[in-house]
Amino acid sequence: MDIVIYPDPRLRKKNAPVTTFDESLGTAAREMFEAMYATSGVGLAAPQVGLNIRLLVYNPSGKAEHAEEEVVLCNPKIVFKSKDTESGEEGCLSFPEVNGQVIRPLNVKVEAQNLQGDAFELELEDWDARIFQHELDHLDGILFIDRMTPASKSQAKPALEDLVYDYKQNLADS
Ligand code: CO
């Protein structure tokens with residue numbers, strides 16, 4: 001499973017709700033974790049591996065040996081978010097060499113379905129809430145550069161231009 005790199009248009013596509021909770025969905029989630037660990041990430045959304053469905057995975061530890069911290073969410077939605085916000089440093093596996101400050105609500109309450117289609121709720125704080133919100137944004141075609149503070153965005157500009165250049169080169173070569 002290869003990770004889709006900015007500015008690939010698949011990162012901006014509409015993502016369909018998950019409606020079939022079968023074995024292939026579980027396999028996709030498993031492969032997303034493997035791709036995420038292989039690239040030292042803490043979260044990954046399906047469009048980042050070219051699957052335009054509303055599925056995301058994360059592990060706040062970022063470590064395969066802490067499998068007990070793995071979270072898989074199908075069709076997640078935020079049902080509550082705190083008024084308290086916090087700025088924090090983020091990166092994204094679809095943006096190698098890019099990071100920056102993003103302001104997000106500190107706490108969120110989430111409704112989602114598991115890989116069997118069973119609905120459940122989750123209350124997330126701090127780091128977990130940040131990872132989740134970053135991945136949920138991917139399902140809506142929103143990227144962290146869209147939410148970066150102006151200072152971070154201008155700092156990231158050269159690296160973003162490099163990614164656009166590389167993407168065009170790869171298209172030309174293929
Ligand atoms: Co990301």
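## Pro 17

Pro 17 counts as exposed in this predicted model, because its relative accessibility of 52% is over the 50% cut-off. The residue sits in the segment before helix 1, which covers residues 23-38.

Leaving out residues up to four places away in sequence, Pro 17 touches Arg 54 and Asn 75. Pro 17 and Leu 139 are 122 residues apart along the chain, yet their C-alpha atoms are separated by 9.6 Å. Leu 139 itself is one of the buried residues of helix 2.

## Overall fold

The chain contains 4 helices and 7 strands. Read from the N terminus, the order of elements is α-β-β-β-β-β-β-β-α-α-α. The radius of gyration is 16 Å, close to the 16 Å that the globule rule gives for 174 residues, so the chain is as compact as a globular protein of that length. Along the principal axes, the C-alpha atoms fill a box of roughly 45 × 40 × 30 Å.

Of the 174 residues, 43% count as buried. The chain exposes about 9,300 Å², and carbon and sulfur atoms supply 49% of that area. Among contacts between residues at least 6 apart in sequence, 65% join residues at least 24 apart.

## Helix 2

Helix 2 runs over residues 126-139 and has 14 residues. From its first C-alpha to its last it reaches 20 Å, close to the 20 Å expected at 1.5 Å a residue. Just after helix 2, Gly 141 takes a positive phi of about 70°.

Of the 14 residues in helix 2, 11 are buried, so the helix is largely enclosed by the rest of the structure. The buried residues include Ala 129, Ile 131, Phe 132 and Leu 136. Charged or polar names also appear in the buried set, among them Arg 130, Gln 133, Glu 135 and Asp 137.

## Cobalt site

The cobalt ion has three protein donors: Cys 92 through SG, His 134 through NE2 and His 138 through NE2. These donors lie 2.1 to 2.2 Å from the ion. Their spacing in sequence is C-x41-H-x3-H. Cys 92 and His 134 link distant parts of the chain, 42 residues apart: Cys 92 is in the loop between strand 4 and strand 5 (99-105), while His 134 is in helix 2.

His 134 counts as buried because its relative accessibility is 6%, under the 20% cut-off. Cys 92 is buried as well, with a relative accessible area of 10%. His 138 is also among the buried residues of helix 2. An α-helix has 3.6 residues a turn, so residues three or four places apart point the same way. The two histidine donors fit this pattern, given the H-x3-H part of the spacing.

## Glu 89

Glu 89 lies in strand 4, which covers residues 85-91. Its relative accessibility is 44%, so Glu 89 counts as partly exposed. Apart from neighbours within four places in sequence, Glu 89 is in contact with Asn 99, Gly 100, Gln 101 and Arg 130. Of these, Arg 130 is a buried residue of helix 2.

The side chains of Glu 89 and Gln 101 are joined by a polar contact of 3.1 Å. Glu 89 and Ala 119 are 30 residues apart in sequence, and their C-alpha atoms are 31 Å apart in space.

Key: Residues are numbered from 1 along each chain as its sequence is written. This is a predicted model: local features need pLDDT of at least 70, side-chain atom pairs count only at pLDDT 80 or more; totals for chains, interfaces and linings use all residues. Side-chain values use heavy atoms; hydrogens and water are left out. Helices (H or I, at least four residues) and strands (E, at least two) are DSSP runs, numbered from the N terminus. Buried means under 20% relative accessible area, exposed over 50%, partly exposed in between (1.4 Å probe, protein chains only). Contact means heavy atoms within 4.5 Å. A polar contact is a pair of N or O atoms within 3.5 Å; within protein, one must be able to donate a hydrogen and the other to accept it, and residues adjacent in sequence count only if both atoms are side-chain atoms. The expected span of a helix is 1.5 Å times one less than its number of residues. The radius of gyration is taken over C-alpha atoms; the globule rule is 2.2 Å times the number of residues to the power 0.38. Accessible areas come from the Shrake-Rupley method with a 1.4 Å probe; for residues, only the protein chains shown count as cover. Donors are N, O and S atoms within 2.8 Å of the metal (3.2 Å for Na, K and Ca); water is not among the atoms, so sites may look incomplete.
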